[in-house]
Amino acid sequence: MRVTNRLMADTVLSSLYKNTHQLLKLQETVSSEKRINRPSDDPIGMGKILDYRKVLSSIDQYNTNITRGKTQIDLTESCLEAIDDLVLKARRIAVEQSAGELETRPNAAQEVKNIYDQILQLANTKLGDTYILSGHQTDTAPFSRDAGYNATYHGDDGDIRIIVGDNLDIKINVTGEDALRSGVDVFDSLRDLINGLEDPDTTAGTAQIATQVTPLSNALDQIKAVRAEAASTFIQLETTENQLANFKLNIEDMLSDTEDADMAQAIVELQIQKTAYETSLATAAKILQRSLMDFLR
Amino acid sequence: MPDIYGILNVARGALLTQQRAIDVTGHNIANVNTPGYSRQKVNMQTNTPIPFSPGQMGTGVNAVEIQRIYDSFLGVQISNENQNLGRWEAQKDCIEKVEMILDETSGYGLSQAMGEFWNAWQDLANNPSGHTERTLLKTKSEILSHTFNKIYSDLQQIQKDTDVSIKGTIQEINLITDQIAGLNQQISQIEVTGQNANDLRDSRDLLLNELSSMIDITTSEGDNGKVTVLVSGGRPLVQDNSSWDLSTETNVSGLQDIVWLDGSGSSANITNSISGGKLKGWIEARDASIPGYLSSLDDLAATIISEVNTLHQGGFDLNSNPGEPFFTGTSASQIAVNPSIVNDVNLIAASGTAGGVPGDNSTAIAIANLQYAHTMSGGTATFDDYYNSVVSDVGNDVQTATTNFDHQTSMVNHLNNYRESISGVSLDEEMINLIKFQHAYDAAAKLITTVDELLNTVINMV
C-alpha cells in the first residue's frame, strides 16, 4: 500500500484524537467521582439512579412525618398522664368524703373544682397552633364549661393521620371525646361529685358522692386504655423509623454502587491513557519529521 | 527522418517531454496539501517508428496525456458513507442538546421538582392549617409548573435551532450545485478537445463530497464528462449545465419543510423522502425524536393536572368551600398553578370534608399518595416510572447516535486513507521522480550537444 505524507499525518492525527477523547472522558470521571455523568453514559443505570434518589427523598419525608406524629403522641401522653393523676386524686377525695367527714367538705368541694378546671385546661392543650384533642376541629378548644360545671365538647371524632410509607398512613391523635366522655363521662362525674360535696342535704350529698367512686375508677381504666393505644402507635412509629433507617442505608449503598466511579480503577486508567497519549506524541514527532529531502544533497 | 536532424528531433522531443514531466512533478509537489487533489503523471509514449535500414527506427518519445490517478469506485463509496456520517453527526448533536436540557445528573431536573411537590403535600398533611406549609406547597407547585414549561419550551427551541441549520445548509447546497453545473460545462468543453480536465475534476469531486455530507445524492457521469446529481425521489439537482435549487417553506407545525423547485414555478415537498446527510439527521431529530419527548411530557403533565385537580376539587379549603382546580392548563406548556390559589393559599383544599376543616388532612394525604399510584401507561406506571423511562429513552437515543457516528467516522476515515494512498502525493516519490526526470533532461541536453558536434564535424569535413 502506498503511504503518502498526508496519510501518515492523518493517521497520526486521528490516533491522537482517539487518545485525547479517552483522556477527557477519564478525566471527567475522576473529577466528578461519578461513573455516570449524563443519561447516555448508561441509560439503564440512569433510570436506577433516579429511582434510588426518589426513594431516599421519600424516606427523608417519612422521617419528618414520623417526627411530627411522635411529637403529638408524646404531648398527648403527658396530658393524659397528668389527667390520670388528677382523676386519681378526685377519686380519693370521693372515697374519703363518702365516709362522712362533714367539716372538710367545703375544702374538698373546692379541691374537686380545681381538679375539674385543671383537667379542662390540660384537655385544651395546644401543639403549636392546633388543639390536639379536638379531632378535626384543631382551631377550636375541645372543652368548655359553664357555671354549673357542665362541660361541652366542641371537637369532633376526626382522625389526624400521617404518611409513613407507600400508601400507608397512621392515625396519631386521640380525641377528647374518646378519652374523657365516651364510656365514662369524666366531667359529668366530677360535676356530680362537686354537687354532692356542696349539697346542703348532707345525707343525700354523701350518697351522691359514694355513687361517683366507681365511675371515677372506670374513668381511670378508660384513660389508661387510651394511653395504651397511643403508646402502641408510638412504638409502631419508632419501629418504622428504625426500618427506614436501615432501608436508607441499603439504598444509599445501591445508589453509590450504581453511580459512583471506582476511583482507584479510574485513576489507574487515567495514568495508562496518559502514557499512551505521550507515547503517540513521541512517535508522531519521530516519524513526521523525516523525509527524503533531509538526505538528498 | 533518420538522419542527423532526425537525432536532433529525438533530442528535442526528449527534452520537451522530460520538461513536461518535471512540470507535472512540480504541480504535484505544490499541491501536496491541497484537499481533494489527485496526483497527476505524464504518460510518455514512443513515437511511430520509421521503417529504415537495418530495421524499424524509433523516433523518440512524446508526452501524450497528463493522467489523473484516481479510483472512481472509491469516490462513490466515500460519498455513500459520507451521507450516513452527516446524518448521524447531525442527529447526535441535536439529541445531545436534549440530554443537557433534561439535566438529571446534577439532580435539579423535573424528577427533583416532582419529588419536592409530593413532599410538600405531605408537609401540608402534617399541619393542614399551617400558613408556612401552604405557602411552601404553593412555591413548590409553581416550581413544578415552571420546570415543565421551561423544558417544553427549551425542546421547542431546539427544533427552531435545527430550522436555522437547515436553512443555512439549503443555501450551501444551492451554491454548490451551481458550482458543479458550472464545472460540468467547463469540463465537457475541455474534454471535447481530447484533453483531461484533471484539476477541474478534482474540484468537482470535492464539491460532490461536500454535497453528499449534507443530503443523500446519487451521481452518475455521462459520456460527455458531465455529472448528473439526483436527489431523493429521482429529482435532479444538477444535470448537464443547469442546476435546480432547494428551498424551505413553513409547514403546519411552524417548522421548515424542504422543497425542490423545478424552475418553472412549482415545487415538490421532499422532506420525507430525504434519507441521508445532515438534513436527514436534523429532520429525524426535529420531526421524530423531539416530538416524541414533547408528547411524553404533555402526557405526564396532563395526567398530573387531572389527577391532582380531581382530588383537590373533591376536598375542602380552609374556608370550608369545595376546592377549585389546583392547576390550570392541560399540557406541559400551559400547566400553571391556579392564580386564585397563588393569591390566597387558604384556598388549598387539604380537608376531605367541609366540617373537618381545619384538622382533616385526608385530601392532602390522598394527593400525596398520587406519587405511588399507577396512573400512567394505561395504569401500569407511576409518574416517576414514566419520567424515568423518558430520560432513559433520551440516553438510549444519544448512545445509538454516538455509536453509529463513531462507526461511520472510522469507516469514512478508512476510505479516505485508502483514497489518499491511491491518489495522494508522496513527497519522497516526487523527489525521486524529480531526480529521474532531471537526469533524463541532462542526458537529452547532452544528446543535443553531441549532435551539434556531429554537425560541426560534417560541415568542417568539406
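## Worked exercises on a predicted two-chain model

Let's start with a short helix: in α6 of chain A (residues 202-211), the buried residues are Gly205(A), Thr206(A) and Ile209(A). Before going on, note that this is a predicted model, where local features need pLDDT of at least 70, side-chain atom pairs count only at pLDDT 80 or more, and totals for chains, interfaces and linings use all residues. Residues are numbered from 1 along each chain as its sequence is written, with chains lettered from A and ligands numbered from 1 in the order in which they are written.

**Exercise 1. Work out how the buried residues of α6(A) are arranged and what they pack against.**

Step 1: fix the terms. Buried means 20 or more other C-beta atoms within 10 Å of a residue's own, exposed means 12 or fewer, and partly exposed lies in between, with C-beta atoms placed from the backbone. Helices (H or I, at least four residues) and strands (E, at least two) are DSSP runs, numbered from the N terminus.

Step 2: look down the axis. The buried residues of α6(A) sit within an arc of 100°, so they line one face of the helix; the arc is that of the directions from the helix axis to the C-beta atoms.

Step 3: check the other side. Thr203(A) and Ala204(A) are exposed, on the face turned away from the buried side of α6(A).

Step 4: find the partners. The buried residues of α6(A) pack against α2 (43-97) and α5 (186-198) of chain A; contact here means C-beta atoms, placed from the backbone, within 7 Å.

**Exercise 2. Decide whether chain A is a compact globule or more spread out.**

Step 1: count elements. Chain A has eight helices and six strands.

Step 2: compare radii. The radius of gyration of chain A, 39 Å, is well over the 19 Å from the globule rule for 297 residues, so chain A is more spread out than a compact globule. The radius is taken over C-alpha atoms, and the rule is 2.2 Å times the number of residues to the power 0.38.

Step 3: add the box. Along the principal axes, the C-alpha atoms of chain A fill roughly 145 × 30 × 25 Å. Buried residues make up 32% of the chain A residues.

**Exercise 3. Trace the pairing of β6(B) with β5(B) and β7(B).**

Step 1: pair the strands. Pairing takes at least two DSSP bridges. β5 (residues 217-221) of chain B runs antiparallel to β6(B), with five bridges, and Thr219(B) has Val229(B) as its bridge partner. β6(B) also pairs with β7 (residues 235-239) of chain B, antiparallel over three bridges; there Leu230(B) partners Pro236(B).

Step 2: inspect the turns. Five residues separate β5(B) and β6(B) in their hairpin, and Gly225(B) in the turn has a positive phi of about 80°. The β6(B)-β7(B) hairpin has three residues between its strands, with Gly233(B) at a positive phi of about 85°.

Step 3: sort the faces. In a regular strand the side chains alternate between the two faces of the sheet. β6 (residues 227-231) of chain B has Val227(B), Val229(B) and Val231(B) on its covered face, and Thr228(B) and Leu230(B) on the uncovered one.

**Exercise 4. Describe the side of chain B that touches chain A.**

Step 1: count. 44 residues of chain B are in contact with 48 residues of chain A.

Step 2: assign elements. α3 (110-126), α8 (362-368), α9 (383-423) and α10 (427-461) of chain B each supply at least two residues of that side. α9(B) gives the most, with 16 residues.

Notes. Two residues are in contact if their C-beta atoms, placed from the backbone, lie within 7 Å.
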